[in-house]
Amino acid sequence: MIMATEKSLAAALEQAAIPHRNVDVGNALKVVRPSLGNEAGIALYRLLRLVALEDIIGRGAAGTAYIAGKKLGMSLGIGKLEDFLALCHSLKIGIIKVPVLSAEKIHVDVYECVTCSGLDKVGRTLCHFEGGLIAGAVEMIVKKRTRAHEVTCIGGLGDKACGFDLEFR
Ligand SMILES: [Zn+2]
């Protein structure tokens, strides 16, 4: 019994000595799946984002998802709006339109949103991750503190697009 405890303690210490390495964007995007390729269904992402995260964090999931998106958006190394739009296209986040684009105001609409398009209305906006991602990328492009506010949502509120007003500070 004592032997086993000492053994598991030794194993725990050994584990703790291994530095915790973060998975960065470049590493995460290295995909080797010879049979299945680099695409998966939307179900997996939605179950993680809308079902599992909300179940564990509740209302806090919105803020967590926003900050996750914002940090990610800022870390992508994007310097031009066209590059961000190209990335959204390749990740199939949705069909992105930018109907308002000025030095003071930007409005982004996401059609066929990966998170929510097709859901039964739930009465609140859902696409905080996308909002954060857009805010983070735009912050790096315009070099001003940027905040995204979701004002319309397809699956959350029954709108035609998930619309984000971007505020600068
Ligand atoms: Zn939405």
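Good morning. I shall begin with a loop: Lys143 sits between helix 6 and strand 3, which spans residues 146–152. Please bear in mind throughout that this is a predicted model.

What is notable about the backbone at Lys143? Its phi is near 60 degrees, a positive value in a residue other than glycine. Most residues other than glycine have a negative phi. This positive phi comes just after helix 6. Is Lys143 buried or exposed? Lys143 is exposed, because 10 other C-beta atoms lie within 10 Å, and the cut-off for exposed is 12 or fewer.

A second residue invites comparison. Glu112, also not a glycine, has a positive phi near 55 degrees. Glu112 belongs to the loop that runs between strand 2, residues 106–111, and helix 6, residues 128–142. With 15 other C-beta atoms within 10 Å, Glu112 is partly exposed. Lys143 thus lies in the loop after helix 6, and Glu112 in the loop between strand 2 and that helix.

Let me turn to helix 6 itself. Helix 6 contains 15 residues, and the distance from its first C-alpha to its last is 21 Å, close to the 21 Å expected at 1.5 Å a residue. How many of the 15 residues of helix 6 are buried? Twelve of them are, so the helix is mostly covered. Among the buried residues are His128, Phe129, Leu133, Ile134, Ala137 and Val138. What do the buried residues pack against? Their partners are helix 3, helix 4 (60–75), helix 5 (81–91), strand 2, strand 3 and strand 4.

That brings us to the sheet. Four strands make up an open sheet in the order 1-2-4-3, with antiparallel pairing. Which strands stand at the edges? They are strand 1, residues 95–101, and strand 3; each has a single partner strand, so one side of each is left without a neighbour in the sheet. From one strand to the next, the twist averages 25 degrees. Helix 6 packs on this sheet, touching strand 2, strand 3 and strand 4, and its direction makes about 140 degrees with that of strand 3.

The pairing may be followed residue by residue. Strand 3 and strand 4, the latter at residues 162–168, pair in the antiparallel sense over six bridges. Thr146 has Phe168 of strand 4 as its bridge partner, and His149 stands opposite Asp165 in strand 4. Strand 4 also pairs with strand 2, again in the antiparallel sense, over five bridges. There, Val108 stands opposite Phe164 in strand 4. As a general point, side chains in a regular strand alternate between the two faces of the sheet.

I close with helix 3, residues 42–57, where Ala52 is located. Is Ala52 buried or exposed? Ala52 is exposed, because 12 other C-beta atoms lie within 10 Å, and a count of 12 or fewer qualifies as exposed. By contrast, Ala137 in helix 6 is among the buried residues. Ala52 and Ala137 are 85 residues apart in sequence, and their C-alpha atoms are 26 Å apart in space.

To summarise, helix 6 is mostly covered and packs on the sheet, while Lys143, just after that helix, takes a positive phi of about 60 degrees. Thank you for your attention.

Notes
Residues numbered from 1 in each chain as written. Predicted model: local features only at pLDDT ≥ 70, side-chain atom pairs only at ≥ 80, totals over all residues. Helix = DSSP H or I, 4+ residues; strand = E, 2+ residues; numbered from the N terminus. Buried ≥ 20, exposed ≤ 12 C-beta atoms within 10 Å, placed from the backbone. Pairing = 2+ DSSP bridges. Axes fitted to C-alpha atoms, helices over the stretch in contact; angles between N-to-C directions. Contact = placed C-beta atoms within 7 Å. Expected span 1.5 Å × (residues − 1).
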